[in-house]
Amino acid sequence: MTSPSAQTPVELIETLPARWYTDPEIWKRERWPIFGSNWIHVAYDHQFRNSGDYITENLAGWPIFIRRTDSGGLTAFYNICAHRAGPMVFEGEGCTKNLVCKYHGWAYNAEGKLLSARDFGAPAPENMDLTTIQVGSWRGMVFVCLNPATPPLLEWLGDFPKEIETVPLESYRYHSKSVRHVACNWKTYGDNFVEGYHLPTTHPAMSRDADALNYKVTFKGDPRWNIHTMPPRDQSTFSVFGYFWPTYAFDVFPGGFAVERWLPRGHTHSDLIFEYFFADDAKDIEETVKFSEEVADEDARMCEHVQRNLDAGNYNTGLLSPKWEHGVSVFHGLIRDAVGPID
């Protein structure tokens, strides 16, 4: 007869090896299948109020820009002139009524077709157009995808939009943005987001705000996304968190919503970006943002410590908690599937 205290053996799962967080060759392997072939959130509809408004982004090393056309739609291109790789627009946000290369003045129409090659000395060459990329908007959030074979945004999202269909995002107003340039690989921060095991020790104030010991990460059939919940205490600041592969997340607050995303800046750094939106009648907005920013500081600090330890060479692999870190195991599986075997 088995003792009541005996536990059924559990097959423990290893983490990704440290090399996957430190090796620039693995970063090169990741770029196209993960950041070139998935939809990545880069902007918002409210940034394109007028015809000609644009924003630029460095997407895992690829320079791109998105622009509002005269017809009201959005177009997106690599920010690379077909002549000699000059920029079509300079970094940041702005408005340009015409698409003219900043370097030598080659002009393109709104769809990226070459119109004229200024003072070229020969007729404008054929097949020298801008390279277009997919762009789509979902509930005010603008995503891009470099791979033309990837399905359109709403199809790609699957059932995920249903999880926040009751959150009135369209009535919320933009409040503020913060950006942290974090010295860690994008996967280090991803590992951190998809588990609640670290909350009691890394986020003591957050753990007092809600019941972190009963934090749950729930999958609903699609391994690319999950929903995080924890029982609130009185006047709890946080409500629900969500994650979508590879680097998009959200936080629901009372009367508000935050997008949390982390974009890789090479294999050694990531930009951790928070953008906050609130209802006009939301209460304690500044306190909510302050609390969220303190949690983000704690996460960034911890991820930088972890990255330094991964870089040090004393650690290779660890073991994942079967109780708490199933989300990390799924995340690592998606990475392995995308990258393929590494020698």
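How many salt bridges does the count come to in this structure? With a salt bridge taken as a side-chain nitrogen of Lys or Arg within 4 Å of a carboxyl oxygen of Asp or Glu, the count comes to 16. The structure is a predicted model, in which local features need pLDDT of at least 70 and side-chain atom pairs count only at pLDDT 80 or more, while totals for chains, interfaces and linings use all residues. Residues are numbered from 1 along each chain as its sequence is written, and side-chain values use heavy atoms, with hydrogens and water left out.

Side chains of opposite charge can pair when their charged atoms come close. One of the pairs is Arg19 with Asp23, whose side chains meet in a salt bridge at 2.8 Å, N to O. For burial, the cut-offs are under 20% relative accessible area for buried, over 50% for exposed, and partly exposed in between, with a 1.4 Å probe and protein chains only. Arg19 therefore counts as partly exposed at 38% relative accessibility, whereas Asp23, with a relative accessible area of 16%, is buried. In the salt bridge between Asp222 and Arg224, the closest N and O atoms are 2.8 Å apart; Asp222 is buried at 17% relative accessibility, and Arg224 is buried with a relative accessible area of 17%.

A further salt bridge brings together the side chains of Arg261 and Glu275, at 2.9 Å from N to O. This pair links distant parts of the chain, since Arg261 belongs to strand β17 (residues 256-265) and Glu275 to strand β18 (residues 269-278), 14 residues apart; helices (H or I, at least four residues) and strands (E, at least two) are DSSP runs, numbered from the N terminus. Both Arg261 and Glu275 are buried. Elsewhere, Glu57, Arg265 and Asp271 are joined into one network by salt bridges that share partners.

Arg261 also appears among the neighbours of Thr247, a residue in the loop between β15 and β16 (248-253). Thr247 is buried, with a relative accessible area of 3%. Leaving aside residues up to four places away in sequence, Thr247 touches Phe35, Trp186, Glu260, Arg261, Trp262 and Leu263, where contact means heavy atoms within 4.5 Å. A polar atom of the Thr247 side chain lies 3.3 Å from the backbone oxygen of Trp262.

Trp186, another residue that Thr247 touches, is one of the buried residues of α4. Helix α4 (residues 186-193) is mostly covered, with eight of its eight residues buried. The N-terminal end of α4 is capped by Asn185, which places a side-chain oxygen 2.9 Å from the backbone nitrogen of Lys187.

Helix α4 in turn is among the elements that cover the buried residues of α8, together with β1, α1 (19-22), α2 (24-36), β15 (240-244) and β19 (319-320). Those buried residues are Gly327, Val328, Ser329, Val330, Phe331, His332, Leu334, Ile335 and Val339. What span should helix α8 (residues 326-339) have? At 1.5 Å a residue, its 14 residues should span 20 Å, and its end C-alpha atoms are 20 Å apart, which agrees; the expected span is 1.5 Å times one less than the number of residues. After α8 comes Gly340, with a positive phi near 85 degrees.

On the surface, Val10, Leu12 and Leu319 make a nonpolar patch of about 290 Å². Leu12 sits in the segment before β1 (13-14), and counts as partly exposed at 44% relative accessibility. Patches are made of residues with over 30% relative accessible area and no salt bridge, like charges being joined within 9 Å and nonpolar side chains (Val, Leu, Ile, Met, Phe, Trp, Tyr) within 5 Å.

Definitions and conventions:
Accessible areas come from the Shrake-Rupley method with a 1.4 Å probe; for residues, only the protein chains shown count as cover. A polar contact is a pair of N or O atoms within 3.5 Å; within protein, one must be able to donate a hydrogen and the other to accept it, and residues adjacent in sequence count only if both atoms are side-chain atoms.
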